[in-house]
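Q: I would like to learn how to read the features of a model such as this one, beginning with single residues and moving on to pairs and patches. Could we go through them in turn?

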Amino acid sequence: RFDKRRMFAMYCDGFFCTGPILHYVYEFYEKILPIEDESNLCDTDTMTPQQKSKAARKRFQAALLHVLFDNIFMAVFYVFAMMVVT
């Protein structure tokens, strides 16, 4: 048996609270520390192995920081928001 009130509350949390926050937070992450920027999107055929390695390391570090920030700081906010909304 479905709890329609709880299902509606979870829908509202995702649609009105968590969804928009996730959208803007990830957009903010990309603005502050882009994973793919113009230096990473240049023609890889003309890059030296050292340049390719540096670009790959930069992308990895940016992605790692995105994940760490999301798991350490934003996860707490997402859970708190879900508990308040639902």
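Q: Is Phe16 buried or exposed?
A: A residue is called buried under 20% relative accessible area, exposed over 50% and partly exposed in between, with a 1.4 Å probe and protein chains only as cover. Phe16 has a relative accessible area of 57%, and therefore counts as exposed. Before going further, note that this is a predicted model, in which local features need pLDDT of at least 70 and side-chain atom pairs count only at pLDDT 80 or more, while totals for chains, interfaces and linings use all residues. Residues are numbered from 1 along each chain as its sequence is written, and side-chain values use heavy atoms, with hydrogens and water left out.

Q: How many aromatic pairs does the structure hold?
A: Rings of Phe, Tyr and Trp (its six-membered ring) pair if their centres lie within 6.5 Å, and planes under 30 degrees apart count as stacked, over 60 as edge-to-face and the rest as tilted. The structure holds 6 aromatic pairs. One of them joins Phe15 and Phe16, whose ring centres are 5.0 Å apart and whose planes stand at 90°, so the pair is edge-to-face. Phe15 counts as partly exposed, because its relative accessibility is 49%.

Q: Which parts of the chain does the pair of Tyr29 and Phe69 link?
A: The rings of Tyr29 and Phe69 have their centres 5.4 Å apart and their planes at 90°, so this pair is edge-to-face. It links distant parts of the chain, since Tyr29 belongs to helix α1 and Phe69 to helix α2, 40 residues apart; helices here are DSSP runs (H or I, at least four residues), numbered from the N terminus. Tyr29 is buried at a relative accessible area of 5%, whereas Phe69 is partly exposed at 34%. Both residues belong to one aromatic cluster, formed by Tyr26, Tyr29, Phe69 and Phe73.

Q: Which residues form the nonpolar patch on the surface?
A: Patches are made of residues with over 30% relative accessible area and no salt bridge, where like charges are joined within 9 Å and nonpolar side chains (Val, Leu, Ile, Met, Phe, Trp, Tyr) within 5 Å; the areas come from the Shrake-Rupley method with a 1.4 Å probe. Here the patch is formed by Phe28, Ile32, Leu33, Phe60, Leu64, Leu65, Leu68, Phe69, Ile72 and Phe73, which together have about 990 Å² of accessible area. The elements giving two or more residues to it are α1 (4–32) and α2 (49–85), and α2 gives the most, with 7 residues. Ile32 is found in helix α1 and counts as exposed at 56% relative accessibility.

Q: Where do the partners of the salt bridge lie?
A: A salt bridge is a side-chain nitrogen of Lys or Arg within 4 Å of a carboxyl oxygen of Asp or Glu, and by this rule the count comes to 1. Arg59 forms it with Glu36, the closest N and O atoms being 3.8 Å apart. Arg59 lies in helix α2 and Glu36 in the loop between α1 and α2, so the pair ties together parts that are 23 residues apart in sequence. Arg59 is partly exposed at 25%, as is Glu36 at 42%.

Q: Why does Cys12 form no disulfide with Cys17?
A: A disulfide is a covalent bond between the sulfur atoms of two cysteines, and the cut-off for counting one is a pair of these atoms within 2.5 Å. The sulfur of Cys12 is 10 Å from the closest cysteine sulfur, in Cys17, which is too far for a bond. By this rule the count comes to 0 disulfides. Cys12 counts as buried at 18% relative accessibility, and Cys17 counts as buried at 17%.
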